[in-house]
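Work through the exercises below with the coordinates open. Each task is followed by a stepwise solution.

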Amino acid sequence: MSSKTSIWLAFFLNLSFSVVEFIFGGIFNSSAVLADAVHDLGDALAIGLSACLETISNRQEDKRYTLGYKRFSLLGAMLTALILLTGSVMMLLENIPRLLSPQPVNYQGMLWLGVIAILINLLASLIVRKGRTKNEAILTLHFLEDILGWLAVILVAGVLYVTDWYFLDPLLSLLISSFILWKAIPRFWSTLKIFLDAVPEGVETAELEKELAALANVKSVNQLSIWSMDGLENDAIVHLCLEDWSQMVETKDAVRHLLRDRGVHNITIEVDASQSNHAQHKRRITALEQNHGHHH
């Protein structure tokens with residue numbers, strides 16, 4: 001099975017099961033099941049949006065998008081994070097009062113739904129387990145995480161079989177919602193920073209400027225701008241002043257080598273010669289032009 005097919009299959013499994021969870025979470029009066037439904041819906045949208053927008057992001061730049069379409073791959077991540085944040089906050093606000101005044105839940109229904117959920121997640125993880133892409137690796141982790149969540153639901157249902165501790169259901173819902181927030185907030189923030197053209201994580205511009213300035217033939221670093229279009233590949237614009245104009249090609253190669261070692265791959269380099277060197281270069285060009293004129 002191709003990676004594209006397995007990802008779409010994972011999307012449909014997540015989406016259809018999240019709808020089942022919403023329906024039966026309401027019937028069983030279980031806020032823990034509803035919280036997991038929010039989680040699964042967010043994950044389904046993440047899978048679907050990333051599959052769609054990843055296709056768009058692979059298009060070549062054109063007259064409408066001269067920098068390319070890579071930002072589209074971030075759009076799905078931001079929308080999904082917002083959906084997860086909104087759903088989790090709503091679940092928290094709904095379940096704090098329920099924790100203070102617990103209501104009876106259908107623990108038998110929760111138990112059977114938990115068993116079915118684990119079987120579905122095991123099937124889905126087997127489908128994508130052999131995949132080699134990053135998407136498939138992340139999906140495998142997601143399904144394993146879901147299995148652990150449903151084991152917790154089954155455990156609560158088992159406890160409710162022998163006790164009337166109905167507060168465990170809203171408590172589990174609060175824990176699931178808090179866990180989703182804990183994961184979604186950093187993801188949203190890191191994606192937002194990429195959208196705002198912040199320096200990519202792991203790149204120290206001050207240190208990099210010092211290293212560039214220390215290169216042979218570099219008199220000064222006038223500009224160093226680093227950003228990322230998609231959070232995967234880093235871009236840079238470097239403006240340098242050179243000591244010796246004749247060594248420009250070698251200096252540019254040294255700059256590219258240094259930046260690529262630091263994780264920057266799309267590089268634009270602008271250079272100026274120092275004033276004295278620039279004057280010599282101008283005189284050399286004038287002399288060449290004069291000689292050329294004498295030949296004619």
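**Exercise 1. State how much surface the protein exposes and what share carbon and sulfur atoms supply.**

Step 1. The model is predicted, so every value here is computed from predicted coordinates. The protein exposes about 16800 Å².
Step 2. Carbon and sulfur atoms supply 63% of that area.
Step 3. Turn to the interior. Of the 296 residues, 40% are buried.

**Exercise 2. Lay out the fold: how many helices and strands are there, and in what order do the elements run?**

Step 1. Count the elements. There are nine helices and three strands.
Step 2. Read from the N terminus. The order is α-α-α-α-α-α-α-β-β-α-β-α.
Step 3. Check the contacts with a separation of 6 or more. Residues 24 or more positions apart account for 71% of them.

**Exercise 3. Find the nonpolar surface patch that contains Ile23 and classify Ile23 as buried, partly exposed or exposed.**

Step 1. List the members. The patch consists of Val19, Ile23, Phe24 and Ile27.
Step 2. Take their joint area. Together they have about 360 Å² accessible.
Step 3. Place Ile23. It sits in helix H1, residues 3–27.
Step 4. Classify Ile23. Its relative accessible area is 47%, so it counts as partly exposed. The exposed class would need over 50%.

**Exercise 4. Describe the aromatic pair of Phe24 and Phe28, and compare the burial class of each ring's residue.**

Step 1. Count the pairs. The structure holds six aromatic pairs.
Step 2. Get the geometry of one of them. The centres of Phe24 and Phe28 are 5.5 Å apart, with 40° between the planes.
Step 3. Assign the type. Stacked needs under 30 degrees and edge-to-face over 60, so an angle between these limits is tilted. The Phe24–Phe28 pair is tilted.
Step 4. Check burial. Phe24 is partly exposed because its relative accessibility is 34%. Phe28 has 11% and is therefore buried.

**Exercise 5. Dissect the largest nonpolar core: which elements build it, and which one gives the most?**

Step 1. Size it. The core has 33 residues.
Step 2. Find the residues with the most contacts inside it. They are Val33, Met110, Leu113, Trp150, Val153, Val156 and Leu172.
Step 3. Map the elements that give two or more residues. These are helix H2 (31–57), helix H3 (72–100), helix H4 (107–129), helix H5 (134–162) and helix H6 (168–195).
Step 4. Rank them. H6 gives the most, with eight residues.
Step 5. Look for another core. A second, separate one has 18 residues, including Val203, Leu208, Ala236 and Leu258.
Step 6. Zoom in on Val33. Leaving aside neighbours within four places in sequence, Val33 touches Glu21, Gly25, Met110, Leu113, Trp150 and Val153.

**Exercise 6. Locate the salt bridges and decide what the Arg262 pair connects.**

Step 1. Search the whole structure. It yields two salt bridges.
Step 2. Take Lys193 and Glu201. Their closest N and O atoms are 3.7 Å apart. The cut-off is 4 Å, so a distance of this kind qualifies when it falls within that limit.
Step 3. Classify both ends. Lys193 is partly exposed at 27% relative accessibility, whereas Glu201 is exposed at 63%.
Step 4. Take Arg262 and Glu211. Here the closest N and O atoms are 3.0 Å apart.
Step 5. Place the partners. Arg262 is in the loop between helix H8 (248–261) and strand E3 (264–273), and Glu211 is in helix H7. They are 51 residues apart, so the pair links distant parts of the chain.
Step 6. Classify these ends too. Arg262 is partly exposed at 37%, and Glu211 is partly exposed at 24%.

**Exercise 7. Examine Asp197 and Asn217: what is the sign of phi, and where does each residue lie?**

Step 1. Read Asp197. Its phi is positive, about 60°, although it is not a glycine.
Step 2. Place Asp197. It lies in the loop between H6 and helix H7 (205–213). At 40% relative accessibility it is partly exposed.
Step 3. Read Asn217. Its phi is positive, about 80°, and it is not a glycine.
Step 4. Place Asn217. It lies in the loop between H7 and strand E1 (218–228). At 15% it is buried.
Step 5. Connect Asp197 to Ile226 in strand E1. The two are 29 residues apart in sequence and 8.2 Å apart in space, C-alpha to C-alpha.
Step 6. Classify Ile226. At 5% relative accessibility it is buried. Its contacts beyond four places in sequence include Asp197, Val203, Leu208 and Ala236.

Methods:
Residues numbered from 1 in each chain as written. Predicted model: local features only at pLDDT ≥ 70, side-chain atom pairs only at ≥ 80, totals over all residues. Heavy atoms only, no water. Patch = residues over 30% accessible without salt bridge, like charges linked within 9 Å, V, L, I, M, F, W, Y side chains within 5 Å. Areas by Shrake-Rupley, 256 points an atom, 1.4 Å probe, with all protein chains shown as cover. Salt bridge = Lys/Arg side-chain N within 4 Å of Asp/Glu carboxyl O. Helix = DSSP H or I, 4+ residues; strand = E, 2+ residues; numbered from the N terminus. Buried < 20%, exposed > 50% of the residue type's maximum accessible area, 1.4 Å probe, protein only. Phe/Tyr/Trp six-rings, centres within 6.5 Å; stacked < 30°, edge-to-face > 60°. Core = buried A, V, L, I, M, F, W, Y, C linked by side-chain atoms within 4.5 Å. Contact = heavy atoms within 4.5 Å.
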